[in-house]
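I am opening a fresh page for a structure that I have not looked at before. I want to go through it slowly and write down what I look up, one topic at a time.

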Amino acid sequence: MARCSGRATSRSYRKMQGHAKMTMFAVFSILSLFFPSSTEAGLYTATDQIILLTPETVESVLVNSTAAIVVEFYASWCGHCVAFSTTYKNLARDIKEWKPAVDLSAIDCADESNRKVCTNYSIRGYPTLKFFNAYSKADSKGQSLRAHRDVRGLRQAIIDKLEKHEEPWPPACPPLEPTSKAEIDSFFETNNVQHLALIFEDLKSYIGREVTLDLLQFENIAVRRVLNTEEALVSELGVTDFPSCYLYYPGGNYTQLKARTFYSYALQRLPGVERSGKPTPNKVNLKSNNTNEPWRHFNASRVYMADLESALHYSLRVEVSAYPVIRGKDLNSLKKYICVLAKYFPGRPVVMNSLRYIDSWLQNQYGNEVSYDAFRAALDNTAQAPDTALPEGVRWVGCQGSQPHFRGYPCGVWTLFHVLTVQAINSRASDALEVLTAMREYVRTFFGCRECAQHFESMVRENLFDVSTSSSAVIWLWSRHNRVNNRLAGALSEDPYFPKIQWPSPEMCPLCHTVKLNGDHKWDLDQVLPFLTSYFSNSSILTDFLDDESIILEKQREKQASEAKKRLGREVKEATTVNPLSLLPTIQEEEEEEEEEEEGPQDEAVAEDMAGGKNYDTTPWVKPDMGLGERRQKRAHSRPVIVGMRMKPQPEDIVDLDSFVNQHYRAKALAASSRVKRRTLQRKEEQEPVPIFGLGLGLDSGLGMVGLEPMEPEFENQKRKHLQKRELSHQVYNVKEGESHRIGWVSMFSVGFSKVDISLCVILYFLSSVCLLTMYLFFKNRLRIRRPKVSQL
Ligand SMILES: Cc1cc2nc3c(=O)[nH]c(=O)nc-3n(C[C@H](O)[C@H](O)[C@H](O)COP(=O)(O)OP(=O)(O)OC[C@H]3O[C@@H](n4cnc5c(N)ncnc54)[C@H](O)[C@@H]3O)c2cc1C
């Protein structure tokens with residue numbers, strides 16, 4: 001393979017390096033503009049199953065390790081390294097099961113902090129692969145390993161190195177040399193395993209050794225390589241094909257494995273073969289009530305609508321609810337998600353109605369934010385959009401786990417998006433990336449597993465934009481999902497009953513799997529695509545375990561009614577336990593009312609109407625022909641003191657109707673509730689005898705006689721509270737009254753005069769005019785009297 005030479009030290013090379021660095025810097029700067037959250041500058045990330053070496057960790061990884069280590073020394077600016085990184089990552093995925101015997105690592109020599117390490121290992125060109133035997137010494141510089149362009153070449157090169165390990169053989173590495181009849185005859189006496197797999201092959205074949213390493217992390221099985229020259233065994237089993245695989249049992253019994261190219265896959269799935277280090281699952285529990293729900297028998301090779309609806313419920317009612325206010329980019333992500341659901345979800349009519357309704361509702365939210373409560377109200381709103389319902393709760397079927405913490409929602413998310421990508425093909429979507437972009441943004445924003453989201457994002461960044469057709473979107477998601485499966489195979493989060501495999505298995509889709517000329521496994525994409533489109537198609541989705549649509553609608557209605565009831569209860573409660581300060585105007589109004597002897601029946605009617613949830617007339621004026629009660633009611637509307645006190649003056653001509661109605665409604669509720677309370681209290685007072693020294697005259701209903709009884713505690717409390725509230729309100733009111741006078745004087749200058757002020761002014765004006773006129777007449781008369789006297793003189 002071509003390599004970037006690091007040998008030149010001339011000025012021109014340094015200059016070139018400088019240019020390269022500058023170019024790389026520019027490229028990174030541009031990339032970081034597009035991917036601002038990216039922090040990893042090297043070619044590999046923690047999700048690649050490759051150990052990322054640093055000066056601090058290099059010694060602990062390479063020296064005295066129980067496993068052999070392959071190190072790739074690379075420079076992130078080197079084009080060949082970038083090209084090779086894909087092969088190296090594929091290799092890491094491919095030989096993941098070999099980890100106890102050999103592990104992969106990498107170090108970026110372009111990073112200045114790593115330069116000393118690279119110099120210590122005499123690295124002069126990139127990429128350079130080095131192989132460090134298990135238990136290497138501190139002064140070991142490693143052996144060169146050819147950087148083959150293909151995974152197979154690298155795999156075989158690694159096996160060659162492993163085999164060259166000198167004695168003592170590292171315990172973590174299985175025996176790789178061919179076996180003999182003598183060893184096999186006594187095998188079960190010296191080994192405590194249930195299965196022995198024999199791979200018959202020729203000397204050049206690596207399959208036996210590869211399968212041996214593939215099964216390294218599995219218990220209860222051993223693999224041995226038998227050469228075609230081992231005639232005794234070959235003839236005993238009648239082997240004619242090389243390579244071929246046989247299961248050999250004590251007593252000389254054997255069976256041939258037909259799936260010639262998938263030995264590892266087949267062997268890992270033999271009964272009793274378990275991944276080591278994981279507790280053996282208790283088979284009995286699965287079928288009984290191991291989760292909180294009874295086990296639902298299902299067909300593991302089908303998609304269930306119950307899983308899809310459960311995923312919808314969980315994502316929209318649980319995941320999204322983590323955002324009390326959804327704004328900006330997050331809101332866009334939600335809109336895109338709902339939009340693809342409304343377009344492509346192959347749901348039942350009520351569910352589709354619901355998705356379309358919420359989609360158009362969301363698209364009509366022009367602001368930059370939406371509260372989750374408003375979104376949820378729209379989601380659950382059957383009143384405005386009839387025959388819409390998104391079933392509540394989860395009911396996993398194909399995504400059931402053997403334990404409550406296995407599978408479920410993440411399985412539902414994968415299934416949902418596979419289905420959507422396939423439906424997008426069927427709907428001839430014009431934008432090939434529409435579903436994947438919606439998935440990317442949903443996962444990035446709302447998917448609760450943040451680490452999963454990061455891993456997914458790094459896969460997206462790799463090559464999502466290569467997707468150009470709806471079919472390639474289906475294949476992209478399938479292959480990324482398999483990559484995640486590969487990474488998670490054997491992880492603690494893997495349900496032992498549903499092991500992570502490269503999906504679909506050879507049993508599900510035999511045609512999807514082919515073999516390259518060199519014997520390597522290969523997916524036949526021409527077969528995979530039709531398999532996926534058929535597997536996730538609308539017509540293949542099973543509707544078992546779903547509630548009937550009418551039942552869902554009924555449930556939804558019941559829920560709505562009970563919520564409306566609760567809401568009303570809350571509002572009435574709020575209104576009756578209101579802060580004394582906010583009661584001020586009510587008290588003020590009460591006092592006005594108390595001054596009036598007459599009392600109309602409207603007040604009770606208001607409270608009743610309110611309880612009945614009726615709408616109120618918001619006309620803010622009082623007509624001259626209105627009755628007293630009506631006037632009072634209107635006055636409460638037109639001049640609700642609460643509104644006056646609390647509402648900010650609206651700018652001219654702009655009326656915030658919502659806030660007006662809210663305030664108005666609240667003012668009415670408060671006024672009405674306080675009136676209801678007062679009247680109830682009055683009625684109680686009338687019914688109850690007057691308390692004397694903390695004792696009340698009560699009616700002993702049991703005996704039917706009147707006597708001296710302690711006051712009923714609840715009533716006593718109520719009355720005391722009421723009196724306290726009134727007293728407090730009066731106190732506060734008195735304080736406020738002073739303030740309000742001041743405010744009146746101040747407002748006189750800015751707003752205008754009251755009627756009284758104007759009347760006083762007129763009277764004063766009139767009086768002063770009269771006074772002036774009188775004075776004028778008085779002096780005029782006096783002058784007239786004096787003038788003749790002067791003339792007489
Ligand atoms: C976007 C995303 C990223 C995730 N990242 C992580 C992570 O980094 N770490 C982690 O621990 N967990 C991660 N998870 C969760 C993990 O992938 C599994 O979903 C979870 O462990 C449950 O596994 P499962 O056995 O139910 O099968 P899943 O992997 O969830 O698959 C669900 C079903 O899809 C089908 N299926 C399997 N493979 C494919 C395929 N290649 N193409 C099409 N269909 C397939 C099968 O029928 C399978 O039962 C992620 C989940 C999602 C949605």
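The entries below go from the ligand to the cores, then to a single residue, a pair of strands and an annotated region.

**Entry 1, the ligand.** I note at the outset that this is a predicted model. I looked up the surroundings of the ligand and found 25 residues around it, of which Pro410, Cys411, Cys452, His481 and Trp503 come nearest. When I sorted this shell by residue type, I counted 15 nonpolar residues, seven polar ones and three charged ones. I then asked which helices each supply at least two residues of the shell. They include H16 (409-426), H18 (450-463) and H19 (470-488).

**Entry 2, the cores.** I turned next to the largest nonpolar core, which has 65 residues, and within which Ile338, Phe417, Leu420 and Val435 have the most contacts. Helix H16, which I had already met at the ligand, gives the most to this core, with eleven residues. A second core, separate from that one, has 47 residues, among them Tyr44, Ile50, Leu91 and Cys173. I went back to Val435 and listed its contacts, leaving out residues up to four places away in sequence: Val435 touches Val340, Tyr344, Phe417, Leu420, Thr421, Ala424 and Ala473.

**Entry 3, Leu532.** I picked out Leu532, which has its place in helix H20 (residues 525-535), and asked whether Leu532 is buried or exposed. Leu532 counts as buried because 24 other C-beta atoms lie within 10 Å, and the cut-off for that word is 20 or more. Leaving out residues up to four places away in sequence, I found that Leu532 touches Val422, Val474 and Trp478. I also looked up Ile475, which is 57 residues apart from Leu532 along the chain, and the C-alpha atoms of the two are separated by 8.3 Å.

**Entry 4, a pair of strands.** Strand S8 (residues 195-201) pairs with strand S10 in the parallel sense, and I noted seven bridges between them. At one position that I checked, Ile199 stands opposite Arg225 in S10. Strand S10 (residues 221-227) is mostly covered, as six of its seven residues are buried.

**Entry 5, an annotated region.** I closed with the UniProt record, an unreviewed entry, which places the feature "transmembrane region" at residues 762-779. In the model, the chain over residues 762-779 is 100% helix and 0% strand, and I noted that the C-alpha atoms at its ends are 26 Å apart.

Notes
Residues are numbered from 1 along each chain as its sequence is written. This is a predicted model: local features need pLDDT of at least 70, side-chain atom pairs count only at pLDDT 80 or more; totals for chains, interfaces and linings use all residues. A residue is near a molecule or strand if its C-beta atom, placed from the backbone, lies within 6 Å of it. Ala, Val, Leu, Ile, Met, Phe, Trp, Tyr, Cys and Pro count as nonpolar, Asp, Glu, Lys and Arg as charged, and the others, Gly among them, as polar. A residue is buried if 20 or more other C-beta atoms lie within 10 Å of its own, exposed if 12 or fewer, and partly exposed in between; C-beta atoms are placed from the backbone. Two strands pair if DSSP finds at least two bridges between them. A nonpolar core is a set of buried Ala, Val, Leu, Ile, Met, Phe, Trp, Tyr and Cys residues joined through C-beta atoms within 7 Å. Two residues are in contact if their C-beta atoms, placed from the backbone, lie within 7 Å. UniProt positions are given in the numbering used here, feature names are shortened, and annotations may be inferred rather than shown by experiment.
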